[in-house]
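Subject: Structure handover

Hello,

Here is the structure for you to load. My notes come right after it.

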Amino acid sequence: MPDFEYTIIGAGVVGLAIAAEVSGYSRHVVVLEKNLRYGLETSSRNSEVIHAGIYYPPGSLKARLCVEGRDLLYRICGERGISHKRCSKLITASNESELPQLESLYRNGRENGVRLQMLTKEEALALEPNIRTVGAIHSPDTGVISAHELMDYFAHCALEHGVTLQFRCEVTGIDAQPDGYRITIRENGVESSFTSEKIVNAAGLHSDEIARLAGIDIDKAGYRLWYAKGSYFAVTPAKANLVSRLLYPVPRNEGLGIHALRDWGGRLKFGPDVEYLEPKVLDYSVDPSKARAFAESIQRILPGITADDLTPDMSGIRPKLQKRGESPRDFVICHEKDRGLEGLVNLVGIDSPGLTASPAIARYVAGLLK
Ligand SMILES: Cc1cc2nc3c(=O)[nH]c(=O)nc-3n(C[C@H](O)[C@H](O)[C@H](O)COP(=O)(O)OP(=O)(O)OC[C@H]3O[C@@H](n4cnc5c(N)ncnc54)[C@H](O)[C@@H]3O)c2cc1C
């Protein structure tokens with residue numbers, strides 16, 4: 001018999017949510033994490049927005065799991081006292097030429113089952129007097145959450161159900177066997193191995209590498225990841241009250257566009273932009289010289305901001321399945337039985353809205369492996 005029933009690779013919000021879910025009915029679950037603690041990569045370097053589900057193609061995993069995850073998150077936050085705010089959001093058109101796209105976003109969101117209101121210029125200005133707008137979408141179910149507290153909650157649930165959380169433990173090999181897998185790990189420079197019936201690959205930025213370790217040709221499978229950094233700038237406290245909810249532009253190129261974010265503690269910041277990095281380079285530095293470009297971009301929707309109001313804050317890196325300029329891809333969440341890898345689920349390209357979707361992703365993965 002294998003040593004474990006479930007091995008989950010990666011202790012970000014997704015791996016932890018899955019551990020919490022499957023530990024409800026299995027006593028033999030281990031989570032392997034190469035860092036010192038859980039949540040030190042993308043899960044702690046994001047906007048902490050509970051997305052309503054407006055942007056994603058209807059029927060896609062992103063749309064379905066975002067809407068389901070959003071409702072689950074609000075329920076968990078309410079029951080467990082996790083810091084959050086259902087603060088709502090406006091997507092504002094800054095000139096007439098953006099109105100058709102605003103309307104198409106509205107229709108897309110409605111098709112995904114999202115509660116939305118179309119606002120006239122006057123109605124939008126009544127909510128946010130300092131913005132530039134000719135019309136806006138109001139999303140009352142968008143909010144913000146403490147990602148750390150959410151991860152603490154999932155970790156606590158998992159530990160309470162007897163899950164083993166193993167830190168400083170990097171997966172370096174996966175070999176299929178008749179009744180599961182032999183997994184090789186490196187801890188403090190020493191390699192060892194154990195066996196597991198099932199594997200969930202929730203390794204975030206490195207999930208394509210884990211799929212490759214399992215013997216999958218990641219180029220043929222379309223699993224190769226590209227890194228797209230998103231930087232943030234904090235706004236001087238004197239201007240932190242210019243908006244009272246989240247404020248987004250109509251998206252132009254890649255990403256949702258640099259937006260104004262009030263976190264659950266009330267701090268205002270702008271971001272994230274989209275900057276593709278060289279392959280596999282994890283560069284989290286924030287270039288201070290971007291302040292001017294950020295100010296110009298945000299002035300489209302919030303004219304009272306100048307570059308002098310901004311200071312470099314933090315950045316995060318998105319694991320993208322598409323290269324720069326290519327169309328956005330859906331999450332890959334795949335039970336690889338058709339490749340002869342029964343019991344292995346790969347999660348690849350879990351970029352936004354992965355935080356929002358995390359509890360729904362956990363249920364979906366559990367369903368695939370039951
Ligand atoms: C700039 C930015 C803004 C975002 N904003 C939002 C937002 O507002 N709302 C939203 O819903 N989503 C947002 N997202 C997306 C969200 O942050 C991610 O979808 C989510 O955090 C992904 O979680 P994860 O657990 O899959 O990955 P991660 O948090 O990256 O966790 C993966 C873990 O796997 C571990 N690991 C990797 N390889 C190995 C190995 N070989 N052995 C052991 N462990 C390994 C890593 O150390 C890491 O801890 C944003 C992302 C970015 C970058």
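What follows is a short account of the whole chain, then of a few local spots.

Please keep in mind that this is a predicted model.

Overall build

The protein has nine helices and 20 strands. Its radius of gyration is 21 Å, close to the 21 Å that the globule rule gives for 370 residues, so the protein is as compact as a globular protein of that length. Along the principal axes, the C-alpha atoms fill a box of roughly 65 × 40 × 40 Å. Of the 370 residues, 57% are buried. Take the contacts between residues at least 6 apart in sequence: 71% of them join residues at least 24 apart.

Surface and charge

The exposed area is about 15700 Å². Carbon and sulfur atoms supply 48% of that area. There are 44 positive and 47 negative charges, and their mean positions lie 3 Å apart.

Helix α2

Does the length of α2 add up, or does it not? The helix covers residues 61–80, and its 20 residues at 1.5 Å each should span 28 Å. The end C-alpha atoms are 27 Å apart, which agrees. Gly81 follows α2 and has a positive phi, near 65°.

Gly316

Gly316 sits in strand β18, residues 310–320. Its relative accessible area is 6%, so Gly316 is buried, the cut-off being under 20%. Leaving out residues up to four places away in sequence, Gly316 touches Arg45, Ala228, Lys229, Gly230 and Tyr284. Val286 is 30 residues from Gly316 in sequence, and the two C-alpha atoms are 9.8 Å apart in space.

Cis peptide bonds

Two entries here, each leading into a proline.

- Gly271 to Pro272 is cis, with omega near -15°. Pro272 is in the loop between β16 (268–271) and β17 (275–276).
- Ser352 to Pro353 is cis, with omega near 10°. Pro353 is in the loop between β20 (344–348) and α9 (354–369).

Positive phi outside glycine

Ser88 is not a glycine, yet its phi is positive, about 75°. Ser88 belongs to the loop between β4 (84–85) and β5 (89–93). With 6% relative accessibility, Ser88 counts as buried.

Arg168 is also a residue other than glycine with a positive phi, near 50°. Its place is the loop between β9 (164–166) and β10 (169–177). Is Arg168 buried or partly exposed? At 48% relative accessibility, Arg168 counts as partly exposed, because that class runs between 20% and 50%.

Best wishes

Methods: Residues are numbered from 1 along each chain as its sequence is written. This is a predicted model: local features need pLDDT of at least 70, side-chain atom pairs count only at pLDDT 80 or more; totals for chains, interfaces and linings use all residues. Side-chain values use heavy atoms; hydrogens and water are left out. Helices (H or I, at least four residues) and strands (E, at least two) are DSSP runs, numbered from the N terminus. The expected span of a helix is 1.5 Å times one less than its number of residues. The radius of gyration is taken over C-alpha atoms; the globule rule is 2.2 Å times the number of residues to the power 0.38. Buried means under 20% relative accessible area, exposed over 50%, partly exposed in between (1.4 Å probe, protein chains only). Contact means heavy atoms within 4.5 Å. Accessible areas come from the Shrake-Rupley method with a 1.4 Å probe; for residues, only the protein chains shown count as cover. Lys and Arg count as positive and Asp and Glu as negative; His and the chain ends are not counted. The place of a charge is taken as NZ of Lys, CZ of Arg, CG of Asp or CD of Glu.
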